[in-house]
Amino acid sequence: MTPTGSLQDALLELEELQARALHAFTSAASPDDVEAARIEYLGLKQGRLKAAQERLKSLPSDGKKEYGRQFNGVKQALEAAFDAARGRVERKKVADDAVDVTLPGIAPRLGRRHPLTQTAEELIDIFGRLGFAVARGPEVEDVHHNFDALNIPPVHPARDPLDNFYLSEGSMLRSQTSTIQIRVMESQPPPVRVVAIGRVYRPDTVDATHSFMFHQIEGLMVDDGVTMGDLKSILRLFAKSYLGEDVQIRFRPSFFPFTEPSVEVDMLWHGGRRWVEMGGAGMVDPNVFKAVGYDPERVTGFAFGLGIERLCMRRHGIDDIRLLYQNDVRFLDQF
Ligand code: FA5
């Protein structure tokens with residue numbers, strides 16, 4: 001319904017309409033706000049300006065001219081306010097989306113190698129300088145390489161299913177890297193001078209120095225006239241090189257079916273109050289040479305197997321092996 005009334009009322013309402021519309025356009029903060037104001041005030045069907053135009057019809061003829069003049073002024077003012085508001089929010093959007101090339105860049109976080117990887121690489125480097133090449137072997141092994149060829153008898157407790165991860169008949173996750181000694185000797189004649197690094201698996205109870213999966217470095221040297229003295233010298237040289245000149249290591253008589261005589265090698269732990277076993281070693285047993293077709297009358301050799309986690313822990317003063325597997329970036333960032 002078109003409102004009726006005096007010209008005076010109509011002009012007042014026109015004024016009020018202009019004030020409201022100008023406020024709506026100047027306070028619009030987004031393109032959506034501007035569009036909403038446009039529809040409300042300038043909409044062709046139901047906009048308020050359209051309604052104000054309709055009002056003209058109901059005015060007495062002597063007031064139509066005055067009202068029309070005012071109306072045109074309001075219309076121009078509103079259209080100008082709309083254009084201004086649209087330009088303003090569009091410029092703002094462009095500015096918001098723009099890239100400020102003067103801002104400092106976001107530096108990508110640099111990854112780093114795991115401390116165990118760093119240890120393995122350093123060990124290979126040290127033994128490389130001592131003349132040892134690198135050998136590899138599979139983690140899924142057969143019982144022959146893990147036990148038989150290493151002179152471990154069929155009834156030996158080391159084969160106990162509770163101490164190994166057996167897979168299908170005759171295969172298992174290797175429990176020691178000594179398997180690689182056999183693979184190397186099977187594949188080449190003496191002389192041999194290799195180290196091999198890899199994961200090994202044992203269902204050991206986890207504590208500060210034991211894990212169910214860990215890494216070993218195996219060493220094997222076979223030649224004419226290799227002695228226990230060579231073994232001890234190499235291990236001492238290695239320990240000083242990796243753990244520092246002041247490191248203390250000791251050899252204890254021990255037993256392994258694949259070496260005779262055998263020793264266990266301990267290192268004085270950081271803090272200097274206790275010894276921790278670093279690995280096992282010894283002179284290759286003649287039965288092992290026979291199993292791979294070497295002549296024990298012609299060659300002798302030594303072998304050793306050291307725990308890489310423990311070497312890494314001693315080197316960096318780490319107290320708990322589990323820290324190496326929790327992947328806490330705050331811990332890993334220190335290496
Ligand atoms: C062996 O595995 C022998 N194959 C070593 C060897 C090689 C002897 C060649 C003679 C000739 P042993 O079970 O002691 O030995 O393990 C060697 C080292 O592996 C240990 O001294 C220790 O440093 C590390 N190790 C053993 N069990 C674990 C475990 N559960 N978690 C972490 N490190 C371990």
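What follows is a conversation between a trainee and a mentor about a predicted model.

Trainee: Let's begin with strand β9. How many of its eight residues are buried?

Mentor: Strand β9 covers residues 300-307. The strand is mostly covered, and the count of buried residues among its eight is seven.

Trainee: Which strand is joined to β9 by eight bridges?

Mentor: Strand β8, residues 275-284, pairs with β9 in the antiparallel sense, but over five bridges. The eight bridges belong to another strand that also runs antiparallel to β9, made of residues 213-223. That strand is β5.

Trainee: Which residue of β9 is the bridge partner of Met 221?

Mentor: Try coming from the β8 side, where β8 and β9 pair over five bridges. Met 283 stands opposite a residue in β9, Phe 302. Met 221 has its bridge partner in β9 too, and that partner is again Phe 302.

Trainee: Now for the ligand. Which residue has a backbone N or O atom 2.8 Å from a nitrogen atom of the ligand?

Mentor: Two side chains should be set aside. Ser 178 has a side-chain N or O atom 2.9 Å from a ligand nitrogen, and for the side chain of Asp 204 the distance is 2.8 Å. The contact through the backbone, at 2.8 Å, comes from Ser 211.

Trainee: How much of the ligand's accessible area does the protein cover?

Mentor: There are 25 residues around the ligand, and among those that come nearest are Gln 176, Arg 202 and Glu 277. The space taken by the ligand is the largest pocket. On its own the ligand has 680 Å² of accessible area, and the share covered by the protein is 94%.

Trainee: Which element gives the most to the shell around the ligand?

Mentor: The elements that give two or more residues are α7 (178-187), β5, β8 and β9. The one that gives the most contributes five residues, and it is β8.

Trainee: One last residue, Thr 119. Is Thr 119 buried or exposed?

Mentor: Thr 119 has its place in helix α5, residues 115-129. Its relative accessible area is 2%, and the cut-off for buried is under 20%. Therefore Thr 119 counts as buried.

Trainee: And with which side chain does the side chain of Thr 119 make a polar contact?

Mentor: The polar contact of this helix α5 residue runs from side chain to side chain, at 3.4 Å. The partner of Thr 119 is Tyr 242.

Conventions. Residues are numbered from 1 along each chain as its sequence is written. This is a predicted model: local features need pLDDT of at least 70, side-chain atom pairs count only at pLDDT 80 or more; totals for chains, interfaces and linings use all residues. Side-chain values use heavy atoms; hydrogens and water are left out. Buried means under 20% relative accessible area, exposed over 50%, partly exposed in between (1.4 Å probe, protein chains only). Helices (H or I, at least four residues) and strands (E, at least two) are DSSP runs, numbered from the N terminus. Two strands pair if DSSP finds at least two bridges between them. A residue is near a molecule or strand if one of its heavy atoms lies within 4 Å of it. A polar contact is a pair of N or O atoms within 3.5 Å; within protein, one must be able to donate a hydrogen and the other to accept it, and residues adjacent in sequence count only if both atoms are side-chain atoms. Accessible areas come from the Shrake-Rupley method with a 1.4 Å probe; for residues, only the protein chains shown count as cover. On a 1 Å grid over the protein atoms alone, a cavity is a set of points where a 1.4 Å probe fits but cannot get out, and a pocket is an open set with protein on both sides within 12 Å along at least five of seven lines; lining residues have an atom within 4 Å of a point. A molecule sits in a cavity or pocket if more than half of its atoms lie within 2 Å of its grid points.
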